[in-house]
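The following paragraphs guide a new reader through a single protein chain, from its overall make-up to selected helices and residues. The reader is invited to keep the sequence and the structure in view throughout.

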Amino acid sequence: MGGKQDGEEAYGKPAKYDPTFRGPIRNRSCTDIICCVLFLVFILGYIVVGVVAWVYGDPRQVLYPRNSTGAYCGVGANKDKPYLLYFNIFSCVLATNVITVAENGLQCPTTQVCVSSCPNVTWTVGADQLLQKVGEVFYTADRNFCLPGVPWDMPVTQSLQQELCPGFLLPSTPALGRCLPRVNSSTPPELPGIPSNTTISQGISGVLDSLSARDITVKIFEDVAQSWHWILVALGVALVLSLLFILLLRLVAGPLVLVLILGVLGVLAYGIYYCWEEYRVLRDKSARINEVGITTNLGAYRNVQETWLAALIVLAVLEGILLLLLIFLRQRIRIAIALLKEASKAVGQMMSTLFYPLVTFVLLLICIVYWAMTALYLATSGQPQYVLWAPNASLPNCEKVQMNTSCNPMAQPMNYSCPGLKCVFQSYSSTGLVQRSLFNLQIYGVLGLFWTINWVLALGQCVLAGAFASFYWAFYKPQDIPTFPLSSAFIRTLRYHTGSLAFGALILTLVQIARVILEYIDSKLRGAQNPVARCIMCCFKCCLWCLEKFIKFLNRNAYIMIAIYGKNFCVSAKNAFMLLMRNIVRVVVLDKVTDLLLLFGKLLVVGDVGVLSFFFFTGRIQGLGRDFENPSLNYYWLPIMISILGAYVIASGFFSVFGMCVDTLFLCFLEDLERNDGSLDRPYYMPKSLLKILGKKNEAYPGDKKKKK
């Protein structure tokens with residue numbers, strides 16, 4: 001009694017031999033039923049929230065612009081008038097705050113009217129036209145930009161005073177459903193009521209700058225339309241390169257890993273050399289740290305010898321540690337290389353697994369789109385509220401008007417003696433059951449977004465683990481591999497383990513929500529924090545980040561055990577953790593070697609696609625012929641960035657499958673070592689290369705007919 005457990009017993013007992021075990025078990029039962037029911041009820045509630053948002057929401061408030069009467073442009077009676085024209089676009093920047101304009105849905109304090117087309121020429125009401133009729137100046141001249149219902153015989157002066165017709169027109173381009181003046185148009189004439197130093201760029205900045213420079217939106221769409229087929233070609237190149245890299249691992253995994261390790265050693269060695277040269281030069285100059293002292297200018301420390309000496313020591317220590325690890329852990333590195341080769345072979349046997357990320361992508365897209373649409377409908381569930389507003393409420397004729405009181409945009413203000421008095425949009429109403437619960441419903445939607453996304457990712461990991469485990473535990477390859485391993489694993493996971501996946505996804509979701517809340521609190525209190533508070537907040541965020549990484553690692557291995565043995569989440573997580581802790585050194589070596597390889601693969605694919613896209617879209621590849629000429633673009637960097645981002649997504653998708661294969665085969669390999677001993681009755685399932693590295697023998701090798709039935 002009281003004796004200490006040995007290392008293996010401290011982390012559980014090794015797995016025992018089971019003569020009936022032949023890979024992922026088929027006779028299994030549903031796991032974590034309570035969490036499954038909770039998840040299904042939550043999804044049902046999520047659907048109810050979406051229905052409520054759909055019933056009460058009106059996304060037209062965001063998708064379509066409103067005119068001064070509150071009617072939508074491009075919808076209903078204004079179906080043939082899809083564009084919104086601002087009578088005085090300069091009021092967006094001269095009379096109000098830019099942020100306010102953005103928050104109010106681009107509603108500037110000026111008359112706005114729906115039009116069928118935007119003006120193409122510069123025009124200003126002349127002095128000789130002020131006494132003419134509206135019909136003569138606007139209607140007969142095909143300037144149909146007045147408010148609907150303005151009489152033909154109304155004097156132009158009166159229409160301008162009441163802002164029923166525009167006093168000037170500028171050449172405009174439709175963008176976001178609004179007629180926005182062209183920034184590079186010719187010099188505008190003297191405009192009534194507008195200071196001479198006000199340019200068109202200043203006038204439309206109230207609409208565009210608040211929305212991240214929307215003036216380039218049209219050009220961006222043009223570039224995408226011109227180059228989308230070449231972007232698809234670049235993504236196809238990324239697809240081919242990813243497949244070639246996985247094939248390369250199968251053929252030359254050993255030399256490739258050796259090159260990568262030597263590359264890291266070489267980089268560290270160059271860093272040591274560079275630090276020594278800098279240290280030697282500064283030492284000869286007697287540049288010491290006591291001459292600089294304590295300063296907030298960190299660049300000053302680059303010119304003292306102690307900085308480079310410290311960097312040299314750190315790099316030398318890292319170089320020494322890596323060399324020692326390479327010497328003493330060389331056998332485990334060889335095991336990692338053999339597992340990488342086996343993983344490449346498994347992926348080659350089941351090529352359908354490479355395209356499973358497309359299923360995950362579609363499911364993730366559904367989750368994100370559903371949340372975005374639900375949030376949009378919820379945000380537009382209230383009725384628009386309009387209030388009286390004037391650019392200068394201190395004028396004598398405006399003091400009697402009660403500003404910010406409710407008004408009807410369909411009716412003109414009764415008091416025309418107050419200059420610029422308008423009925424403008426303020427916000428959406430917050431009355432009603434849905435509006436009062438809007439914040440809670442949005443929080444529910446965010447929780448649903450995180451939970452469903454994590455569940456979809458968990459589903460993909462568990463399905464792939466089930467397929468690759470069936471490969472490892474097939475004694476006769478490929479005869480014993482199931483006909484449709486991926487589809488079988490998918491059906492098996494959905495039927496029996498939805499609750500377990502929801503359990504693991506919920507734990508991860510709660511941690512992620514906590515991180516989001518902490519980031520929100522940090523952003524709100526950043527200006528009022530003292531150094532101690534910032535340090536405490538940083539520690540909290542660091543702890544939550546580490547916790548999230550650990551939970552992701554634990555969940556990933558728990559899903560592998562669920563796919564193989566069909567047990568609940570807690571038991572699977574415990575068994576996976578104990579198995580990994582009994583082989584912690586092998587875990588660290590394999591994890592780092594795999595991370596290094598996958599990082600190199602991503603850099604290779606993304607770098608090649610990026611360089612190829614740069615040379616093509618900038619026209620630096622000559623002699624391709626007319627059919628392969630680079631398109632004429634406004635911003636050549638846009639398709640390059642899209643190609644690089646797409647290549648990264650494709651490479652991440654392919655390499656995530658490969659990484660899941662390596663992790664699954666590794667856990668199977670560790671259990672194979674504990675379950676079997678190489679005898680005729682208990683042969684190892686691992687390939688001969690792994691047996692040779694471990695110095696073990698098999699009386700019945702996989703594929704031999706000596707295996708006892």
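A residue is called buried when its relative accessible area is under 20%, exposed when that value is over 50%, and partly exposed in between. By this criterion, 43% of the 709 residues of the protein chain count as buried. The model under discussion is a predicted one. Its secondary structure consists of 21 helices and 8 strands. Among the contacts in the chain with a separation of 6 or more, 73% are between residues that lie 24 or more positions apart.

The account may begin with the packing of helices. Two packed helices are described by the angle between their axes and by the distance between those axes. Helix 17, which spans residues 531-565, offers two cases. The first partner to consider is helix 16, residues 498-525, whose axis comes within 10 Å of that of helix 17 and crosses it at roughly 165°. An angle over 145 degrees counts as roughly antiparallel, and helix 16 and helix 17 are therefore roughly antiparallel to each other. The crossing of helix 16 with helix 17 is left-handed. The residues of this contact comprise 16 nonpolar, 4 polar and 6 charged ones.

The second partner is helix 14, residues 438-472. Helix 14 packs against helix 17 at an angle of about 50°, and the two axes are 8 Å apart. Helix 14 and helix 17 are therefore oblique to each other, and they pass in a right-handed crossing. From helix 14, the contact is made by Ala458, Gln461, Cys462, Ala465, Gly466 and Ala469; from helix 17, by Arg556, Tyr559, Ile560, Ile562, Ala563 and Ile564. By class, these residues divide into 9 nonpolar, 2 polar and 1 charged.

Beyond helix 17 in the sequence comes serine 572, which is placed in helix 18, residues 569-581. Is serine 572 buried or exposed? Its relative accessible area is 1%, so serine 572 is buried. The side chain of serine 572 reaches the backbone oxygen of asparagine 568 at a distance of 2.8 Å. When neighbours within four places in sequence are left aside, the contacts of serine 572 are Ala558, Met561, Ile562 and Lys567. One of these, Ile562, also belongs to the contact of helix 14 with helix 17.

Another of the residues touching serine 572, Met561, leads on to glutamate 671, which touches Met561 as well. Glutamate 671 lies in helix 20, residues 637-675. With a relative accessibility of 7%, glutamate 671 counts as buried. Not counting residues up to four places away in sequence, glutamate 671 touches Ala15, Trp473, Met561, Tyr565 and Leu579.

The description now turns to earlier parts of the sequence. Leucine 85 is found in strand 1, residues 83-86. Its relative accessibility is 5%, and leucine 85 therefore counts as buried. Which residues does leucine 85 touch, not counting those up to four places away in sequence? They are Thr111, Gln112, Val113, Val115, Pro119, Phe145, Leu169 and Cys179. Leucine 85 and proline 166 are 81 residues apart along the chain, while their C-alpha atoms are separated by 9.5 Å.

Glycine 167 is located in the loop between helix 7 (156-161) and strand 4 (168-169). Glycine 167 has a relative accessible area of 16% and is buried. Between the C-alpha atoms of glycine 167 and threonine 124 there are 6.2 Å, although 43 residues separate the two along the chain.

Glutamate 136, in helix 6 (residues 134-139), has a relative accessibility of 43% and therefore counts as partly exposed. Leaving aside neighbours within four places in sequence, glutamate 136 is in contact with Ala141 and Trp152. The C-alpha atoms of glutamate 136 and methionine 154 are 10.0 Å apart, and the two residues are 18 residues apart in sequence.

A last point concerns the backbone. Most residues other than glycine have a negative phi. Aspartate 32, by contrast, has a positive phi, near 50°. Aspartate 32 lies in the loop between helix 1 (7-10) and helix 2 (33-56).

Definitions and conventions. Residues are numbered from 1 along each chain as its sequence is written. This is a predicted model: local features need pLDDT of at least 70, side-chain atom pairs count only at pLDDT 80 or more; totals for chains, interfaces and linings use all residues. Side-chain values use heavy atoms; hydrogens and water are left out. Axes are lines fitted to C-alpha atoms, for helices over the stretch in contact, and angles run from 0 to 180 degrees between N-to-C directions. Helices (H or I, at least four residues) and strands (E, at least two) are DSSP runs, numbered from the N terminus. Angles under 35 degrees count as roughly parallel, over 145 as roughly antiparallel, 65 to 115 as roughly perpendicular and the rest as oblique. A crossing is left-handed if the near helix is turned anticlockwise from the far one by less than a right angle, and right-handed if clockwise. Ala, Val, Leu, Ile, Met, Phe, Trp, Tyr, Cys and Pro count as nonpolar, Asp, Glu, Lys and Arg as charged, and the others, Gly among them, as polar. Buried means under 20% relative accessible area, exposed over 50%, partly exposed in between (1.4 Å probe, protein chains only). A polar contact is a pair of N or O atoms within 3.5 Å; within protein, one must be able to donate a hydrogen and the other to accept it, and residues adjacent in sequence count only if both atoms are side-chain atoms. Contact means heavy atoms within 4.5 Å.
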